[in-house]
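Let's take a walk through this structure, starting at the ligand and working outwards. Have the 3D view open so you can click along.

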Amino acid sequence: MPVNLSNGKPLAWDSAKLDADTKAMLDNLQPNILQAHVRESMSLLLVHFGDGADGRRFLRSLVPLMKSARKHLEEVREFNRSKKRGTPYVGVGISKLGYLKLGESTTKFTDNAFKSGMKRRKDTLSDPAVDAWEKHYQGEIHAIVLVGDATPEPVAATRTRVLALLPKTAKILGEETGEGLRDAQGRGIEHFGYVDGRSQPLFLADQVAAESGTNWNPFFPLSHVLAADPLAPHPSRHFGSYLVLRKLEQNVRAFREAEEALADALGFKGEDRPLAGAMLVGRFRNGTPLRLHGRPSAEGHPVQNDFSYRDDPGSRCPVSAHIRKANPRDSRDGGLERALGVMMARRGQTYGRRTDRPWDDASPATRPTGGVGLLFMAFNSSLQSQFEFTQQSWADEPAFPAEGTGHDPVIGQGRRDVKVRFPTEWDGKKLSAPRQQVPQTVTMKGGEYFFMPSLAYLKGL
Ligand code: HEM
């Protein structure tokens with residue numbers, strides 16, 4: 001029976017009743033796609049092959065360092081039982097130019113964004129000119145090797161093993177180092193200081209069961225994240241996923257100044273001042289959703305995700321807020337993000353060290369203006385209808401979901417000409433006079449599209 005990607009039920013990956021094709025899918029799928037792999041520490045190696053045959057041998061030689069999605073899920077279960085740590089994550093992605101270099105034809109890949117490569121999509125995405133990207137992204141990136149784990153030591157050891165396998169004809173164009181950022185309570189945050197990585201599409205039965213909600217259904221079918229691997233021995237049982245990588249630099253000082261200026265303009269005083277930033281993001285720094293609360297809920301409260309924007313025309317959470325633009329969740333079972341298959345599995349990591357405390361209220365003047373940001377990564381079954389659609393048709397589109405909404409204040413690219421209005425109190429009726437949008441504080445420094453092939457494909461190289 002072919003793997004059912006559109007099943008209305010989450011995948012019970014450990015069920016004895018699984019059919020042979022689904023079992024083969026799990027044994028050949030890379031980890032970190034269906035469920036996030038621990039990756040507090042990460043190394044991203046961007047590889048260029050001088051010789052195709054050497055490139056094939058290199059990728060094949062990585063397989064013994066890799067594990068399957070099933071092995072990863074078993075490790076997670078074991079960790080939850082006994083706290084026994086799993087093995088490091090090694091992931092491999094190949095770009096369109098990479099496949100060509102390996103001597104493959106890419107005609108069987110259906111995703112046009114992947115087949116163009118990110119550089120040629122820069123107008124669609126309103127990205128900076130390629131010569132303004134960091135140098136290592138300007139070249140021909142053929143493959144990416146991702147190494148991740150809970151601590152730096154196993155990542156360093158695994159990275160050394162990967163580099164030892166690199167043929168002389170290949171070179172590392174560049175490397176990114178991801179380092180998890182945590183607030184005082186130990187929650188994962190991004191550099192503007194907000195809890196991140198909370199809302200995800202969930203595909204697996206055990207994950208969905210652990211997060212059942214009455215207002216938001218976190219379950220999404222596998223069709224949101226898996227794509228048949230067209231070059232594998234059996235594409236009906238061997239799957240992969242498209243990875244988008246974008247290095248997004250954050251000007252933290254400018255964002256903090258924008259929060260302060262907005263709080264002043266809306267007349268927020270004292271304990272209400274954090275409302276301004278929450279109106280830009282859609283959550284307070286500690287993750288409290290603006291849809292549910294007008295003040296950050298007490299520390300120690302689990303970060304809530306059981307909400308939809310039904311019955312909130314924007315008086316609680318502005319329709320322009322980052323999380324509302326990026327996931328409109330009109331009802332429990334969703335709106336466009338489900339109907340159009342837009343939700344992607346975000347698996348990014350922060351980069352860059354700093355000495356200040358990103359979650360506190362210290363003055364904007366003490367904040368970094370560059371050198372820190374997000375290595376945005378997400379898995380898609382279609383880059384065009386998921387990542388690109390979110391960036392282009394939602395974040396960068398001032399008329400989404402309605403005229404006068406403006407750009408996504410966090411990630412929107414392009415001219416922020418449209419004037420916007422904000423609620424002057426949480427859950428009130430009054431709106432501010434139209435005002436300039438907050439300035440763009442996130443800058444794209446480079447990136448690429450990859451396909452994460454099945455292990456069956458890599459073994460056969
Ligand atoms: C530096 C860049 C970015 C920052 C600082 C940022 C920040 C955040 C934060 C704080 C959250 C809330 C945590 C959560 O609900 O999980 C979030 C959620 C989200 N972000 Fe971003 N993000 C960035 C880039 C992007 C990009 C490039 C996209 C897609 C094009 C994106 C799409 C999303 C989505 C889909 C959600 C979940 C919304 C939901 O389901 O409620 N983000 N982001």
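What follows is a tour of the ligand site, the cavities, the pockets and two backbone details. Keep in mind that this is a predicted model.

Start with the iron. Which protein atom donates to the iron atom of the ligand? Just one does: NE2 of His 322, at 2.1 Å, is the only protein donor. If you trace the chain around His 322, you'll find that this residue belongs to helix H11. His 322 also shows up in a second role, since one of its polar side-chain atoms lies 2.9 Å from a nitrogen atom of the ligand.

Now look at the oxygen atoms of the ligand. Arg 198 comes in through its backbone, with an N or O atom 2.6 Å from a ligand oxygen. Arg 346 uses its side chain instead: an N or O atom there is 2.9 Å from an oxygen atom of the ligand. So that's a backbone contact from Arg 198 and a side-chain contact from Arg 346.

Step back a little and take in the whole shell. How many residues surround the ligand? There are 28 of them, and the closest are Arg 198, Ser 199, His 322, Asn 327 and Arg 329. Sorted by class, the shell has 15 nonpolar, seven polar and six charged residues.

Where does the ligand sit? It's in the largest cavity. Four elements give two or more residues to the shell around the ligand: strand E8 (239-250), helix H11 (322-326), strand E11 (373-380) and helix H13 (384-395).

Next, the empty space itself. Rolling a probe the size of a water molecule over the atoms is a way to show where such space is left. The structure has three cavities of 30 Å³ or more, and the largest holds about 770 Å³ of space. Its lining is made up of 37 residues, with Asp 196, His 322, Ile 323, Ala 326 and Arg 346 closest to the centre. You've already met His 322 as the iron donor and Arg 346 as a partner of a ligand oxygen. The elements with two or more residues in this lining are E8, H11, E11, H13 and strand E12 (442-452). By class, the lining of the largest cavity divides into 19 nonpolar, eleven polar and seven charged residues.

The second largest cavity has a volume of about 80 Å³. Residues lining it include Leu 280, Ser 320, His 407, Arg 416, Phe 422 and Gln 437. Its lining has five nonpolar, five polar and one charged residues.

On to the pockets. The largest pocket contains about 1500 Å³ of space. It's lined by 47 residues, and the ones nearest its centre are Ala 36, His 37, Val 38, Arg 39 and Gly 197. Two or more lining residues come from each of helix H3 (69-82), strand E5 (181-182), strand E6 (188-189), helix H8 (205-209), strand E10 (349-351) and E11. Which element gives the largest share of this lining? That's H3, with seven residues. As for the mix, the lining of the largest pocket has 17 nonpolar, 14 polar and 16 charged residues.

The second largest pocket has about 530 Å³ of space. Pro 274, Arg 285, Pro 296, Trp 359 and Asp 361 are the closest to its centre, out of 24 lining residues. Helix H9 (252-265) and helix H10 (274-281) each supply at least two residues of the lining, and H9 gives the most, with four. Nonpolar and charged residues number nine each in this lining, and six residues are polar.

Finally, two backbone spots to check while you have the model open. The peptide bond from Phe 400 to Pro 401 is cis, with omega near 0°. You'll find Pro 401 in the loop between H13 and E12. The other spot is Asn 32, whose phi is near 80°, a positive value in a residue other than glycine. Asn 32 is in a loop too, the one between helix H1 (20-28) and strand E1 (41-49).

Notes
Residues numbered from 1 in each chain as written. Predicted model: local features only at pLDDT ≥ 70, side-chain atom pairs only at ≥ 80, totals over all residues. Heavy atoms only, no water. Near = heavy atom within 4 Å. Polar contact = N/O pair within 3.5 Å; in protein donor to acceptor, adjacent residues only side chain to side chain. 1 Å grid on protein atoms, 1.4 Å probe; cavity = no way out; pocket = protein on both sides within 12 Å on 5 of 7 lines; lining within 4 Å. Sits in = over half its atoms within 2 Å of the grid points. Nonpolar A, V, L, I, M, F, W, Y, C, P; charged D, E, K, R; others polar. Donors = N, O, S within 2.8 Å, 3.2 Å for Na, K, Ca; no water. Points joined across faces, edges and corners; volume = space filled by probe spheres on them.
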